[in-house]
Amino acid sequence: SHGNCQPGWYAAVDKDCQKCHTSCQTCTSASSSTCTSCLSSGSTPYWHRDNGNDSDGTCVSSSSSHGNCQPGWYAAVDKDCQKCHTSCQTCTSASSSTCTSCLSSGSTPYWHRDNGNDSDGTCVSSSSSHGNCQ
């Protein structure tokens with residue numbers, strides 16, 4: 001609802017509409033880390049949730065790897081950072097077969113390319129024969 005302020009503005013404590021940070025399309029305060037959506041035409045169109053349960057986040061550049069999502073997250077089609085499968089340290093989507101690196105401390109630290117030319121793969125257990133290499 002944004003307190004009936006127009007997009008790019010937010011309802012301040014004194015009920016006045018105040019301008020969002022320039023990177024935000026909509027926001028909850030003037031800070032660059034309180035965007036609730038990003039300007040798709042801007043230089044930072046990817047919305048990055050700074051904490052898994054936050055309703056706001058930071059708008060970041062898509063030119064960086066992973067759309068500038070933090071490790072363990074990936075840039076979804078809707079430009080939101082979404083959480084990787086729990087086995088992945090980095091990934092390209094939520095699937096367990098799209099990990100680009102694995103959590104070395106986890107139960108599946110070995111990265112297994114499912115196809116010879118794939119840039120992503122599955123994280124597998126080291127207890128399997130040959131670390132589950134194909």
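This text walks through the structure, from the overall chain to its strands, cores, disulfides and two single residues. The model is predicted.

Start with the whole chain. Its secondary structure comes to zero helices and twelve strands. Read along the sequence, the pattern is β-β-β-β-β-β-β-β-β-β-β-β. The chain has 134 residues, and buried residues make up 36% of them. The accessible surface comes to about 7600 Å². Carbon and sulfur atoms hold 47% of that surface. Now take the contacts in the chain with a separation of 6 or more. Residues 24 or more positions apart account for 14% of them.

Next, look inside. In soluble globular proteins, nonpolar side chains tend to be buried together. Which residues make up the largest nonpolar core here? There are nine: Tyr10, Ala12, Cys20, Cys24, Cys27, Cys35, Cys38, Trp47 and Cys59. Two strands, β3 (24-27) and β4 (35-38), each supply at least two residues of this core. Another core lies apart from it. That second core has eight residues, among them Cys88, Cys91, Cys102 and Cys123.

Trp47 of the largest core leads us to strand β5. This strand spans residues 46-49, and both of its faces are covered. Tyr46 and His48 are on one side. Trp47 and Arg49 are on the other. All four are buried. The partner of β5 is strand β6, residues 57-60. The two strands pair in the antiparallel sense, over four bridges. Within this pair, Trp47 stands opposite Cys59 in β6. Both of these residues belong to the largest nonpolar core.

Now turn to the disulfides. A disulfide is a covalent bond between the sulfur atoms of two cysteines. How many disulfides does a search of the whole structure find? It finds seven. We will follow three of them.

Begin with Cys5 and Cys17. Their sulfur atoms are 2.0 Å apart, and the two residues form a disulfide. The torsion about the S-S bond is about -90 degrees, so this disulfide is left-handed. Where do the two ends lie? Cys5 is in the segment before β1 (9-11), while Cys17 is in strand β2 (residues 17-19). The pair therefore ties together parts that are twelve residues apart in sequence. Are the two ends buried or exposed? Cys5 counts as buried because its relative accessibility is 10%, and buried means under 20%. Cys17 has 28% relative accessibility, so it counts as partly exposed.

The next link joins Cys24 to Cys35, with 1.9 Å from S to S. The torsion about its S-S bond is about -65 degrees, so the disulfide is left-handed. Cys24 lies in strand β3 and Cys35 in strand β4, so the pair ties together parts that are eleven residues apart in sequence. Cys24 is buried, and so is Cys35. Both also appear in the largest nonpolar core.

Further along the chain, Cys88 and Cys99 form a disulfide, with their sulfur atoms 1.9 Å apart. This link is left-handed, with -65 degrees about the S-S bond. Cys88 lies in strand β9 (residues 88-91) and Cys99 in strand β10 (residues 99-102), so the pair ties together parts that are eleven residues apart in sequence. Both Cys88 and Cys99 are buried. Cys88 is also one of the residues in the eight-residue core.

Two single residues complete the walk. Asp16 sits in the loop between β1 and β2. Its relative accessible area is 42%, so Asp16 is partly exposed. Which residues does Asp16 contact, leaving aside its neighbours within four places in sequence? They are Tyr10 and Ala11. Asp16 and Cys5 are eleven residues apart along the chain, and their C-alpha atoms are separated by 8.6 Å.

Val124 lies in strand β12, residues 121-124. Its relative accessibility is 8%, so Val124 counts as buried. How far is Val124 from Cys102? Along the sequence, they are 22 residues apart. In space, they are 8.6 Å apart, C-alpha to C-alpha. Cys102 is among the residues of the eight-residue core.

Conventions:
Residues numbered from 1 in each chain as written. Predicted model: local features only at pLDDT ≥ 70, side-chain atom pairs only at ≥ 80, totals over all residues. Heavy atoms only, no water. Core = buried A, V, L, I, M, F, W, Y, C linked by side-chain atoms within 4.5 Å. Buried < 20%, exposed > 50% of the residue type's maximum accessible area, 1.4 Å probe, protein only. Pairing = 2+ DSSP bridges. Disulfide = S-S within 2.5 Å. Contact = heavy atoms within 4.5 Å. Areas by Shrake-Rupley, 256 points an atom, 1.4 Å probe, with all protein chains shown as cover.
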